[in-house]
Amino acid sequence: MKTLFNKPLTNKTLTNKKTLPTSTAGSLPKPAWLAEPETLWSPWKLQGDELTEGKHDALCLSLQDQQHAGIDIVSDGEQTRQHFVTTFIEHLNGVDFEKRKTIKIRDRYEASVPTVVGPVSRQKSVFVEDAKFLRQQTKQPIKWALPGPMTMIDTLYDDHYKSREKLAWEFAKILNQEAKELEAAGVDIIQFDEPAFNVFFDEVNKWGIACLEKAIEGLKCETAVHICYGYGIKANTDWKKTLGSEWRQYEEAFPKLKKSNIDIISLECHNSHVPMELLELIRGKKVMVGAIDVATDTIETPEEVANTLRKALKFVDADKLYPCTNCGMAPLSRKVATAKLNALSAGAEIIRKELSALS
Ligand code: ZN
């Protein structure tokens, strides 16, 4: 059976027995000296060696913020990347970043994207050095996020394969190479971000989940898929207004995801119109329950976090529940993000106490 840690830990105070281990969905705000705050695709403020050093310093700061807030499964806060999809693609062959085309992404908003001009391949690892660096900084379990194959193809114009399925399959093979190296670097959980799973339901069931399983093929560490309603940017909040009072998008992918080899499913729950009972459809899977809204600066109270977790516990067994954020927090201020992390920890602690009082 897989455990949370794929390597024995020397720090005995942390064990995989901890109930409700907290984590974040992915990105965290960058310091203002590294990139323009509260902006997506924010340009770097440093260059060359200073940029390399600055990214590592920011990674350490982000890690420290998570540790001070008591987050159990930590990450790099995506400090070394400009964007969760494009930074990975920038490192691949076959994609021309000069040749840009405006397309509609997630069937929602127009964006100028690079073009696939030939066979895609990975010359060398993309994030492995960063992951090794993070591994050196902490003995806590670490999670590393990669874009999912379907979300990657949806952020590009394809002038070569002319088939979304074929291109996604090629990306899945590349992601699998990267994931195997991340695992060897000591990453405990590899997460694939698939917001596109909430949009293209037919494709998800026809080949999206198969591509995801290709990306995790042969991995011994834990694997996760993050499916959300996106960052708190205007295009997404406008879209959410059109979804009505009940968001049942998860219902489409859950039955097949339940049967898949993915270990953990990371979801948006707090302040969202997702009916909690949909979690019943993935009973048995580990679930990262989003208990922090990333689309508002309002800080959740620990009791609000606890409330979301209590609702989730009706459908997720306590040993499979991982309190988390709804999505990445890159577009928020550091102050707000830190306060939200503190609330997440405090809320999880309330439920831990309630659970231990019951047992
Ligand atoms: Zn997300």
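User: In this predicted model, which residue is the bridge partner of I103 in β2?

Analyst: The model is a predicted one. Strand β1 covers residues 92–105, and it pairs with β2, residues 109–122, in the antiparallel sense. In β2, the bridge partner of I103 is A111.

User: Which residue in β2 does R100 stand opposite?

Analyst: The pairing of β1 and β2 is antiparallel and extends over 10 bridges. Within β2, the residue opposite R100 is P114.

User: Which residue in the hairpin of β1 and β2 takes a positive phi?

Analyst: The hairpin has 3 residues between its strands. A positive phi near 50° is found there, and the residue that takes it is R106.

User: What is the order of the open sheet of 3 strands?

Analyst: The pairing in this sheet is mixed. Its edge strands are β1 and β4 (157–158), each of which pairs on one side only. The order is β1-β2-β4.

User: Which strands stand at the edges of the sheet of 6 strands, and why is one side of each left without a neighbour?

Analyst: The 6 strands form an open sheet with parallel pairing, in the order β3-β5-β6-β7-β8-β9. Each edge strand has a single partner strand, so one of its sides has no neighbour in the sheet. The strands in question are β3 (143–147) and β9 (321–324).

User: By how many degrees are neighbouring strands of the sheet β3-β5-β6-β7-β8-β9 turned against each other on average?

Analyst: This sheet is open and its pairing is parallel. With direction ignored, the average turn between neighbouring strands is 25°.

User: In β7, which residue is the bridge partner of V225?

Analyst: Strand β6 (residues 222–227) runs parallel to β7 (residues 264–268), and 4 bridges join the two. The bridge partner of V225 in β7 is I265.

User: At about what angle does α5 run to β3?

Analyst: Helix α5 comprises residues 164–184 and lies across β3 and β5 (189–193). The helix also lies across β1, β2 and β4, where it runs at about 70° to β2. Relative to β3, the angle is about 170°.

User: What radius of gyration does the chain have, and why does it agree with a compact globule?

Analyst: The C-alpha trace spans about 60 × 45 × 40 Å along its principal axes. For 359 residues, a compact globule would have a radius of gyration near 21 Å, and therefore the chain's value agrees: 19 Å.

User: What percentage of the residues in the chain is buried?

Analyst: The chain contains 10 helices and 9 strands. Of the contacts with a separation of 6 or more, 78% join residues 24 or more positions apart. Of the 359 residues, the buried ones make up 45%.

How values were computed:
Residues numbered from 1 in each chain as written. Predicted model: local features only at pLDDT ≥ 70, side-chain atom pairs only at ≥ 80, totals over all residues. Pairing = 2+ DSSP bridges. Axes fitted to C-alpha atoms, helices over the stretch in contact; angles between N-to-C directions. Contact = placed C-beta atoms within 7 Å. Rg over C-alpha atoms; globule rule 2.2 N^0.38 Å. Buried ≥ 20, exposed ≤ 12 C-beta atoms within 10 Å, placed from the backbone.
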